[in-house]
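Visitor: I am in my first year of study, and I would like to take a close look at a single part of a protein and see how that part sits in its surroundings. Please take it slowly and connect each step to the one before.

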Amino acid sequence: MRGFRWPPPPDGGPRTWGPGPGAPRTGRPALPEPETELVDTPHGVQLERLVTGVGEPVTVFAHGFGNGIATTRPFGSAVTGRRVFFQFRGHGRSDVPPGPWSYLDLARDLRAVADLSGATRAFGASLGAGALCRLLVESPDRFEKLVFLLPAVLDRPRGPIAQQRLTDLLDAVAGGDASAVADVVALELPPSVRNTPAGWSHLRQRLDQLLRDGLAAGLADLVEQSPLPDVAALAGVTAPALVIGCVGDDLHPTHIAAELAAALPAATLHVYDRPGFAWTDRADLRERISTFLND
């Protein structure tokens with residue numbers, strides 16, 4: 001079996017063992033990260049933000065646990081208008097206020113960035129989807145359109161496998177061991193991608209960011225929490241919504257996406273048939289999100 005290993009080959013290409021076709025030994029280097037800004041919020045937490053695009057409408061993008069602006073930007077690449085990306089507390093250069101933290105705190109972060117930017121549409125991935133759900137309980141008519149990518153949790157805590165994965169990531173980053181972090185981050189990639197130039201480039205970018213900025217210990221407060229008291233609390237959200245899930249993802253069970261779509265009165269559900277679709281079905285995902293938001 002072809003295995004993953006860290007550190008990467010010195011020439012940047014994949015290394016495999018046993019017979020099989022060779023692959024390019026060099027990959028396209030990752031693009032430099034764009035310059036971001038720190039913005040003050042009404043609740044006193046400075047958040048890192050990036051604004052791209054021009055004009056109306058404005059869409060705010062909320063990232064997943066341990067991710068951030070860099071990993072969320074591709075989902076908005078074909079979305080028209082201004083696109084506002086940010087880092088939740090404890091991620092990137094955003095503040096680390098005293099804990100404990102809850103999804104209500106994340107919802108405040110999301111609301112502040114949306115309000116400061118004049119956003120009328122919202123996208124939430126995984127953790128960001130949970131924060132968006134929590135915001136909508138308080139303000140069901142805040143946004144005109146909604147996209148939920150791989151919702152992970154609603155009114156019940158994550159399962160033990162998912163909790164362990166998130167805890168492993170926090171522990172690896174806190175320990176500062178690149179190899180340990182790489183082992184956890186590599187699980188984000190489909191096996192077919194892990195020993196390719198694109199896979200190595202993604203891992204390098206993720207490790208550079210995680211080992212440079214770290215992840216706040218306060219994020220551990222969220223691992224065993226759920227954002228909603230009851231999923232029925234979303235019944236007042238009438239904005240059109242697109243919910244995207246997939247089969248076979250331990251962090252984002254299919255039934256969570258189905259439950260969310262059923263709870264939202266104007267939701268459309270799409271389920272991909274395998275994990276890693278952001279790599280294997282990238283063009284379809286990009287078109288699906290942009291068509292929904294741009295229509």
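Visitor: How many helices and strands does the protein chain have? After that, please look closely at strand E7 and at what lies around the strand.

Guide: Please keep in mind from the start that this is a predicted model. The protein chain has 10 helices and 8 strands, and of its 295 residues, 51% count as buried. Among contacts between residues at least 6 apart in sequence, 72% join residues that are at least 24 apart.

Let us begin with the sheet and then move to the strand you asked about. The sheet is an open one of 8 strands with mixed pairing, and the strands follow the order E1-E2-E4-E3-E5-E6-E7-E8. Strand E1, residues 37-39, and strand E8, residues 267-272, stand at the edges with a single partner strand each, so one side of each has no neighbour in the sheet. On average, and with direction ignored, neighbouring strands of this sheet are turned by 20° against each other. Helix H2, made of residues 103-117, packs on the sheet, where the helix touches strand E2 (47-52), strand E3 (58-62) and strand E4 (82-86), and its direction makes about 150° with that of E4.

Now we can turn to E7 itself, which covers residues 241-246. In the order of the sheet, E7 stands between E6 and E8. Strands of a sheet pair through backbone hydrogen bonds, and they can do this either parallel or antiparallel. On one side, E7 is joined to E6 by 4 bridges, and these two strands run parallel. Within this pairing, Val147 has Leu242 as its bridge partner in E7, while Phe148 stands opposite Val243. On the other side, 6 bridges join E7 to E8, and this pair also runs parallel; here the bridge partner of Gly245 is Val271 in E8.

How covered is this strand? In E7, 6 of its 6 residues are buried. This holds for both faces of the strand, with Ala241, Val243 and Gly245 buried on one side, and Leu242, Ile244 and Cys246 buried on the other.

The neighbouring strand E6, residues 145-149, includes Lys145, a residue that deserves a careful look. Lys145 is buried and yet has no salt bridge, for the nearest side chain of opposite charge, that of Asp295, is 5.2 Å away. A salt bridge would need a side-chain nitrogen of Lys or Arg within 4 Å of a carboxyl oxygen of Asp or Glu. A polar atom of the Lys145 side chain does lie 2.7 Å from the backbone oxygen of Phe292. Leaving aside residues up to four places away in sequence, the residues that Lys145 touches include Ala239, Pro240, Phe292 and Asp295.

Beyond this buried lysine, there are charged side chains that do pair, and the structure holds 12 salt bridges. Side chains of opposite charge can pair when their charged atoms come close. Arg156 meets Asp155 in one such bridge, with 3.3 Å from N to O, and Arg156 also forms a salt bridge with Glu259, where the closest N and O atoms are 3.2 Å apart. This second pair links distant parts of the chain, since Arg156 lies in the loop between E6 and helix H4 (160-175) and Glu259 lies in helix H8 (residues 254-263), 103 residues apart. Both partners are partly exposed, Arg156 with a relative accessible area of 42% and Glu259 at 26% relative accessibility.

Another salt bridge joins Glu188 and Arg206, whose closest N and O atoms are 2.6 Å apart. Glu188 lies in the loop between helix H5 (178-185) and helix H6 (191-194), and Arg206 lies in helix H7 (residues 197-213), so the pair ties together parts that are 18 residues apart in sequence. Glu188 counts as partly exposed at 30% relative accessibility, whereas Arg206 is buried, with a relative accessible area of 3%. Returning to the earlier bridges, salt bridges that share partners join Asp155, Arg156 and Glu259 into one network.

How values were computed. Residues numbered from 1 in each chain as written. Predicted model: local features only at pLDDT ≥ 70, side-chain atom pairs only at ≥ 80, totals over all residues. Heavy atoms only, no water. Buried < 20%, exposed > 50% of the residue type's maximum accessible area, 1.4 Å probe, protein only. Lys, Arg positive; Asp, Glu negative; His and termini not counted. Polar contact = N/O pair within 3.5 Å; in protein donor to acceptor, adjacent residues only side chain to side chain. Contact = heavy atoms within 4.5 Å. Pairing = 2+ DSSP bridges. Axes fitted to C-alpha atoms, helices over the stretch in contact; angles between N-to-C directions.
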